[in-house]
Amino acid sequence: MFGWGNRVVECGPFRLAWNYPTNVAFKFLTNPPKVYELAPTKWQEISEVNLRDLHLTWYAYDEKRETRYVPIDDLW
């Protein structure tokens, strides 16, 4: 069962929000730099994280991008 605690992480101008288990979103509180990217995965433990894994699809912030749905079965 998922708790209803804090569902937002803020780090400088970057904000990551999620609605478990189906929605992850990120936005900027100020003008977005192009250095922040998000790569959704099925990994559950920090020990599994491999930022260089070629299977990852990285998404940079793009305010003009329409909502993008990524099926969980397509995640690595």
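Author: In this predicted model, contact means heavy atoms within 4.5 Å of one another. On that basis, Asp 53 touches Trp 43 and Trp 76, with residues up to four places away in sequence not counted.

Reader: Where in the chain is Asp 53 placed?

Author: Asp 53 belongs to the loop that joins strand 4 (37-38) to strand 5 (59-60).

Reader: Why is Asp 53 said to have no salt bridge?

Author: A salt bridge requires a side-chain nitrogen of Lys or Arg within 4 Å of a carboxyl oxygen of Asp or Glu. The nearest side chain of opposite charge to Asp 53 is that of Arg 52, 11 Å away. The cut-off is 4 Å, so the buried Asp 53 is without a salt bridge.

Reader: What makes the pairing of Asp 53 with His 55 a polar contact?

Author: A polar atom of the Asp 53 side chain lies 2.7 Å from the backbone nitrogen of His 55. The limit for a pair of N or O atoms is 3.5 Å, so this distance falls within it.

Reader: Why is Phe 14 classed as it is, buried or exposed?

Author: Its relative accessible area is 13%, and buried means under 20%. Phe 14 is therefore buried. Phe 14 is located in strand 2 (residues 14-19). Its C-alpha lies 8.0 Å from that of Tyr 36, although 22 residues separate the two in sequence.

Reader: How do you know to which class Ala 25 belongs?

Author: Ala 25 has 37% relative accessibility. Partly exposed lies between the 20% limit for buried and the 50% limit for exposed, so Ala 25 counts as partly exposed. Ala 25 sits in strand 3 (residues 23-28) and touches Arg 15, Leu 16 and Ala 17, residues up to four places away in sequence being left out.

Reader: What makes Val 49 eligible for a nonpolar patch on the surface?

Author: Patch members need over 30% relative accessible area and no salt bridge. Val 49 is partly exposed at 38%, so the area requirement is met. Val 49 forms the patch with Ile 46, Leu 51 and Trp 58, and together they have about 440 Å² of accessible area. Like Asp 53, Val 49 is in the loop between strand 4 and strand 5.

Reader: How many helices and strands are there, and what share of the residues is buried?

Author: The chain has zero helices and five strands, in the order β-β-β-β-β from the N terminus. Of its 76 residues, 13% count as buried. The chain exposes about 6800 Å², of which carbon and sulfur atoms supply 53%.

How values were computed
Residues are numbered from 1 along each chain as its sequence is written. This is a predicted model: local features need pLDDT of at least 70, side-chain atom pairs count only at pLDDT 80 or more; totals for chains, interfaces and linings use all residues. Side-chain values use heavy atoms; hydrogens and water are left out. Helices (H or I, at least four residues) and strands (E, at least two) are DSSP runs, numbered from the N terminus. Buried means under 20% relative accessible area, exposed over 50%, partly exposed in between (1.4 Å probe, protein chains only). Lys and Arg count as positive and Asp and Glu as negative; His and the chain ends are not counted. A polar contact is a pair of N or O atoms within 3.5 Å; within protein, one must be able to donate a hydrogen and the other to accept it, and residues adjacent in sequence count only if both atoms are side-chain atoms. Patches are made of residues with over 30% relative accessible area and no salt bridge: like charges are joined within 9 Å, nonpolar side chains (Val, Leu, Ile, Met, Phe, Trp, Tyr) within 5 Å. Accessible areas come from the Shrake-Rupley method with a 1.4 Å probe; for residues, only the protein chains shown count as cover.
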